[in-house]
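Student: I have a structure to go through, and I want the reasoning behind each label. Can we take it step by step?
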Amino acid sequence: MTERTTAARPRDPQDEGSAAGSATLDTVTDTDPGRGGTDRGKATPGRGERIFRGLTSGSGLLVVAAIAAIGLFLLVQAVPSLLADNANFLTSPVFDTRDPANLNFGIRDLLVVTLLSSLFALVLAMPIALGIALFLTQYAPKRVARPFAYVIDLLAAVPSIIYGLWGIAVLAPALLPIATFLRDDLGWFFLFAPGNLPVLTGTIFTGGVVLAVMILPIITAVTREVFSQAPRFHIEAAQALGATRWEVIRMAVLPYGRSGYIAGSMLGLGRALGETIAVLIVIRAATTPSGFSLFDGGYTFASLIASAASEFSQPLPTGAYIAAGLVLFVLTFVVNAIARVVAGGKVNG
Amino acid sequence: MRYQRRVAAIGLIAASALVLSACGSDENAGGGGVSAAPGVTCGGKPDLRSSGSSAQNNAMTRFVATYQQTCQGQTLNYTPSGSGAGRNEFLGGQTDFAGSDSALKDGDETTRAQQRCASPAWNLPLVFGPVAIAYNVPGVTDLVLDGPTAGRVFNGQVATWNDPAIAALNPGKQLPAAPIIVNFRSDESGTTENFQKYLVAASNGAYGKEAAQTFNGGVGAGARGSQGVADATKNTPNSVTYVESSFAQRGGLGMAQVINSGGGQAVPLTTESVATAVNNVQVTGQGNDLKLDLDSLYQASAPGAYPIALATYEIVCSNYADDQTAGAVRGFLQTALSPNAQQALPDAGYVPLPEQFKQRLTTAVNAIQ
Amino acid sequence: MSTATGLSSPERPATTPTFQAPSTGRKIKNNLATFLVGLAFVIALVPLVWVLATVVVRGIGAILSSDWWGRSLSGVLPESYAGGVYHAIYGTLIQAALAAVIAVPIGILAAIYLVEYGRGRLAKTTSFMVDILAGVPSIVAALFIFAAFISILGAEQSAFMVSLALVLLMLPVVIRNTEEMLRLVPDELREAAYALGIPKWKTILRIVLPTALSGTVTGVMLALARVMGETAPVLVLVGYSQSINFDPFSGNMASLPLLMFSELSNPEPSGQFRIWGAALTLILIIMILQLGASVVSRFSAISK
């Protein structure tokens, strides 16, 4: 992830090879939208050039087409089921597709559980990621900063199914005292109210902690990248004024890196929203809809789809899950788009 | 040249991948410890395909091991993709037979089966797996339940362990005042469906919910799969669940004794008590179609009959279009019914078929053409 | 900031000619910040060490057993400790490799487009969509392949379907890494080539791309590492098999995540044995790839 260079690459003369000799550097400006760098009628480009250009723009186009196709195909498969849905898709908390002739499915509970677990994970991970990014860019000596950064990146290398297994087998029992304390002593606060599960392991709380660990390296990587680009002269100016290290950070680093930090957090949020297998293994199902407590259980979009994957045999029930997948797609699309807009040109993730 | 060195490195990786692909093998000598079965006519198609119920997967694994040993060079690939998928794939002709927790439904499914086979399809209940009401209540052993009480535990009406309904069945036992935590299967499963069918059939209306692949009791916390509910019960004091007996045994959980619909003595879950229930089950299918009346199992009234068991079928064509397939299916099912295969079942959490019932299955299997 | 007297208005002329030690309040704040920042790093290490230690302790026995790397689980009964995960290792590698075969050329070409050719709205849209693709959850990618290829086109579940879903997940990683490396190639190289009259496409293929090659290889290896641990696509798109299946285009095929997921339903202690063994195997494979990536990037002709 580096600074996105906006400067255009130098153009080759007339964009083609046959007119060798006219080696003046092309000075086309970017005021030629959509056609930049083309021949402008001077001479026709060589065949190799045309094929190669076609291949590259075709590949670029393919990426755009892939996104469009994802949305389109999911929509096409979801519509028949949505039309056959006897419940309100947006507000119904039940997701019952057992009888293809009588589908009742809605995403209210999926949305609540997905958002609650992801936002909780974000709240846990954001300050820690900020601290790590500052540590790696501003505190740690250059020599050790790189290996340390690699160690944090290792967190991203652990497959999510392993986080899930660890979360339920090791982490959940360890969190039990904290969860018990929160529910018993702070239960008046709606997030810590007794949930719809009779147990305190395998709740949204547990799942959120696991998700926080998983998105930590993503937020850290983006934030670290931006912080390390903080303008040298701002930092030096602050130092010259006798600022302490913390004051330098507050005056020069944070203002510059804020948008990158937010963008990184949004990317982390996107990842948490779509996390599948760890959530499926950790968060337990409940019989009643979530009441906005962290000690609730239930399914997220992703974990519900994965849990039903082996039953994808009939078109209408399958379409119901695809409809849920479509909502998840739109949700992550929006979150990632926001990340990109917030980041401006500073990050690419 | 640095560039060439890199190419060489990539080549090296590719080469090592090739070497890797040559060194693996499926040979697991001594892995099963099974021996060849007598009285099996081998032959026909060398690789059968089947899919369906995951509840019978462990039994299938053992049958396949015996089959491979008995009929050298022949095998069966069983995919535990779920009963619904198994029936659909059989009806669509992708598999040679289906494994299913329920028989073909009358109407559409039976019609499609007739078309697929160009002959009637038979439901053969080959594998019976007892389902335990497994509990983890500190200080309580030999818990006794009956149908109506179990129904009210699993729908939340009986909410504490020292409820009078439970106490009446367990005189003299120290039942804690703790709330009952129900662990249920959150995935769709035949175990859930059959257990709820038992609750509906045996609770005299006390359960009051519908039987389905998902749990409708409205209480408790879900966990994925049999292992999931067994683990959850093991880790949560004062909790109870329903699970195949093998999982309860391995997890060291208590298994409730059940008073069946005939009243009388509480029946512990044993190979014999389940066999007694299976021997008394009614068949509703015609001729060699051995579709069962499951209510006669759940409402078993014979003394010493344990009423909660999952019956899983193999759904086959009575007359295959292809003799090669028919021969192989017959050979495989004969292997499954052989003593060698049957004696391995208790280890896997199933009951060997009682002799009388096995005779009827053998007749049907030998009639497959 | 408010208490940091003397610094609140940086425009203020520096009247004090000599350096003044910071006040106690500022010192405390500074120390507190240092402490918290260090603490954050330590907190992040806790789960990492914890997870890795759990996996190593529980999985080491399995991967040291004799048949682990060379045998499949074909015919192995659930309670038996025999057999190995060769079939799953093969599946994991072939699915990722097939995905790479498709994703790498497309990714590199798309990156070339973005860096060398793309101007205007289409390029901006493409760049935007690459970011969006990077954020598409793996379960959505799997559902898309399911909807498009299995539901509509009638393809059967197979390892190749998984590879197609993995292509979607690999593409943005390959594109972004290649793009980054291409942008680092000095313009002088391009200009020199143009000056010699070499056509642009040849310049890119012969000069720009080789210069950026090591970075691209790094990107591909990182992308491979990312997709190998994916569980969601294999759950939706392929069935599990205990035996070796060398054919990615038909039939069931195991992979390490799928093996772990299916062993979750094994009641025997040997199930746990295999789950954690497979977890350790998977982490080892991914770490080897990452190490490889960092070694390759060290050979990089151009540095950041």
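Tutor: Yes. This is a predicted model. Start with chains B and C: their contact takes 27 residues from chain B and 29 residues from chain C.

Student: Which helix supplies the largest share of the side of chain B that touches chain C?
Tutor: α1(B) does, with 6 residues. Helices of chain B that each supply at least two residues are α1 (2-23), α2 (57-70), α8 (225-235) and α9 (245-250).

Student: What is the makeup by class of the side of chain B that touches chain C?
Tutor: There are 16 polar residues, 6 nonpolar and 5 charged.

Student: And chain B itself, what does its secondary structure come to?
Tutor: Chain B has 14 helices and 13 strands. Its C-alpha trace spans about 80 × 65 × 40 Å along the principal axes. Of its 369 residues, 56% are buried. Take its contacts between residues at least 6 apart in sequence: 74% join residues at least 24 apart.

Student: Now chains C and A. How many residues of each are in contact?
Tutor: 92 residues of chain C meet 90 residues of chain A. On the chain C side, helix α1 (residues 24-63) gives the most, 18 residues. That side of chain C divides into 62 nonpolar, 17 polar and 13 charged residues.

Student: What makes α2(A) roughly perpendicular to α1(C)?
Tutor: Two packed helices are described by the angle between their axes and the distance between the axes. Here helix α2 (residues 108-139) of chain A and α1(C) cross at roughly 110°, and their axes come within 8 Å. The perpendicular range is 65 to 115 degrees. The angle falls inside that range, so α2(A) counts as roughly perpendicular to α1(C). The crossing is left-handed.

Student: Which residues make the contact of α2(A) with α1(C)?
Tutor: From α2(A) come A:I128, A:G131, A:I132, A:L134, A:F135 and A:Y139. From α1(C) they include C:T34, C:L36, C:V37, C:G38 and C:F41. By class, the contact has 12 nonpolar residues, 3 polar and no charged.

Student: Why are α3(C) and α5(C) called oblique to each other?
Tutor: Helix α5 (residues 159-184) of chain C packs against α3(C) at about 130°, with the axes 8 Å apart. Roughly perpendicular covers 65 to 115 degrees, and roughly antiparallel needs over 145. An angle of about 130° fits neither range, so the pair is oblique. This crossing is left-handed.

Student: Which residues meet there?
Tutor: On α3(C), C:V130, C:L133 and C:A134. On α5(C), C:L168, C:L171, C:P172, C:I175 and C:R176. The contact divides into 7 nonpolar, no polar and 1 charged.

Student: How do you know whether C:I132 is buried or exposed?
Tutor: Count C-beta atoms. Buried requires 20 or more others within 10 Å. C:I132 has 24, so it is buried. This residue lies in helix α3 (residues 120-135) of chain C. Leaving out residues up to four places away in sequence, C:I132 touches A:I67, A:F333, A:N336 and A:A337. The C-alpha atoms of C:I132 and C:P172 are separated by 8.7 Å, with their positions 40 residues apart along the chain.

Student: How is C:P269 classed, buried or exposed?
Tutor: C:P269 has 11 C-beta neighbours inside 10 Å. Exposed means 12 or fewer, so C:P269 counts as exposed. Its place is in helix α10 (residues 269-298) of chain C.

Student: Why is A:F292 called partly exposed?
Tutor: Its count is 15 C-beta neighbours inside 10 Å. That lies between the exposed limit of 12 and the buried limit of 20, so A:F292 is partly exposed. A:F292 sits in the loop between α8 (277-282) and α9 (301-308) of chain A. It is not a glycine, yet its phi is positive, about 65°.

Student: What about B:A118, buried or exposed?
Tutor: With 11 other C-beta atoms within 10 Å, B:A118 meets the limit of 12 or fewer, so it is exposed. B:A118 is in the loop between α4 (108-117) and β4 (121-136) of chain B. Its phi is also positive, near 55°.

Student: Last, which residues have the most contacts inside the largest nonpolar core?
Tutor: A:I305, C:L133, C:L143, C:I145, C:M170 and C:A279, in a core of 326 residues. Helix α2 (residues 86-117) of chain C gives the largest share of this core, 20 residues.

Technical notes:
Residues numbered from 1 in each chain as written. Chains lettered and ligands numbered in written order. Predicted model: local features only at pLDDT ≥ 70, side-chain atom pairs only at ≥ 80, totals over all residues. Contact = placed C-beta atoms within 7 Å. Helix = DSSP H or I, 4+ residues; strand = E, 2+ residues; numbered from the N terminus. Nonpolar A, V, L, I, M, F, W, Y, C, P; charged D, E, K, R; others polar. Core = buried A, V, L, I, M, F, W, Y, C linked by C-beta atoms within 7 Å. Axes fitted to C-alpha atoms, helices over the stretch in contact; angles between N-to-C directions. Parallel < 35°, antiparallel > 145°, perpendicular 65-115°, else oblique. Left-handed = near helix turned anticlockwise from the far one by under 90°.
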